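Trainee: Please take a close look with me at the salt bridges in this model, and then at the parts around them. I am new to this, so go step by step.

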Amino acid sequence: MELLTRSACPRDRWVPDGARPNCSCCGKAFTLYRRRHHCRVCGDLVCAKCTARVYLRSPGAAKTLGKSCVACAIVTDSHDLLDLAAAMEKRPTCPMFVDLLPSRKWKDVHKEEAHAACAICLEDYRGLDGLTRLPCHHSFHTRCITPWLATNDECPMCRYSLPRDVAYSQGAALFLS
């Protein structure tokens, strides 16, 4: 089997070790025996069973052998027009998860909220403003957090990991093949 060549994800773009308690591919919890591995292409955390070997290219360096998640390894990029690392730059949150997030009015929750302003738009909350609360207990204007979650799978304040839109990753993989 021919190994594919992919662009290496810079280490500063990797998902932090503690950010994901589960493998982003199979969803199984990391343990002493199921260790975390960073996909060298997209930077996400996966278990050993969800990895494949690929050649990595970095600017100004020779190709090296490394591990990638299955989603990054199955893509064939014969014309080298698009790079999977660029496609994985956008990692939307699962739309079904976003639809289930609790949303309330500021006037109903202002006493229990720690912040009086949205961290995305920096505007103060007002009486009838809709707020959406993430599992990490950070709240934002619904109008601000919805577009954020369409392109990101983390809380904008604490980088708490949210469920990724797997259909987007698979769609990007099919598009690039």
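Mentor: Let's start with E154 and R159, whose side chains meet in a salt bridge with N and O 3.3 Å apart. A salt bridge here is a side-chain nitrogen of Lys or Arg within 4 Å of a carboxyl oxygen of Asp or Glu. In general, side chains of opposite charge can pair when their charged atoms come close. E154 is buried at 13% relative accessibility, while R159 is partly exposed at 37%. Buried means under 20% relative accessible area, exposed means over 50%, and partly exposed lies in between, with a 1.4 Å probe and protein chains only.

Before we go on, a word on how to read this: the model is predicted, so local features need pLDDT of at least 70 and side-chain atom pairs count only at pLDDT 80 or more, while totals for chains, interfaces and linings use all residues. Residues are numbered from 1 along each chain as its sequence is written, and side-chain values use heavy atoms, with hydrogens and water left out.

By the salt-bridge rule, the count comes to 8. Another of these pairs is R164 with D153, at 3.4 Å from N to O. Both residues sit in the loop between α5 and α6 (166-176), 11 residues apart. R164 is buried, with a relative accessible area of 17%, and D153 is buried too, at 3%. These two also belong to a network of salt bridges that links R20, D44, D153 and R164.

Now find R143, which forms a salt bridge with E123, the closest N and O atoms being 3.2 Å apart. R143 lies in helix α5 and E123 in the loop between α4 (106-109) and β7, so the pair ties together parts that are 20 residues apart in sequence. E123 is partly exposed, with a relative accessible area of 36%. As for the names, helices (H or I, at least four residues) and strands (E, at least two) are DSSP runs, numbered from the N terminus.

Helix α5 leads us to a sheet. This is an open sheet of 3 strands in the order β6-β7-β8, with antiparallel pairing. The edges are held by β6 (103-105) and β8 (139-141); each has a single partner strand, so one side of each is left without a neighbour in the sheet. Neighbouring strands here are turned by 35° against each other on average, direction ignored. Helix α5 (residues 142-149) packs on the sheet and touches β6, β7 and β8, and its direction makes about 100° with that of β8. Contact means heavy atoms within 4.5 Å; axes are lines fitted to C-alpha atoms, for helices over the stretch in contact, and angles run from 0 to 180 degrees between N-to-C directions.

Follow the pairing strand by strand. Two strands pair if DSSP finds at least two bridges between them. β6 and β7 (residues 130-133) are antiparallel over 3 bridges, and R104 stands opposite L131 in β7. On to the next pair: 3 bridges join β7 to β8, again antiparallel, and L131 stands opposite H141 in β8. β7 and β8 form a hairpin with 5 residues between them, and H137 in the turn has a positive phi of about 75°.

H138 is in the loop between β7 and β8 and is buried, with a relative accessible area of 18%. Not counting residues up to four places away in sequence, H138 touches T132, R133, C155, M157 and C158.

C155 turns up once more, in a core of 14 residues that also includes L101, L131 and F140. A nonpolar core is a set of buried Ala, Val, Leu, Ile, Met, Phe, Trp, Tyr and Cys residues joined through side-chain atoms within 4.5 Å. The largest such core is separate from this one; of its 16 residues, C23, C39, V41, C69 and C72 touch the most other members. C39 is also in contact with D44, which you met in the salt-bridge network.

Stepping back, the protein chain comes to 6 helices and 8 strands, and buried residues make up 38% of its 177 residues.
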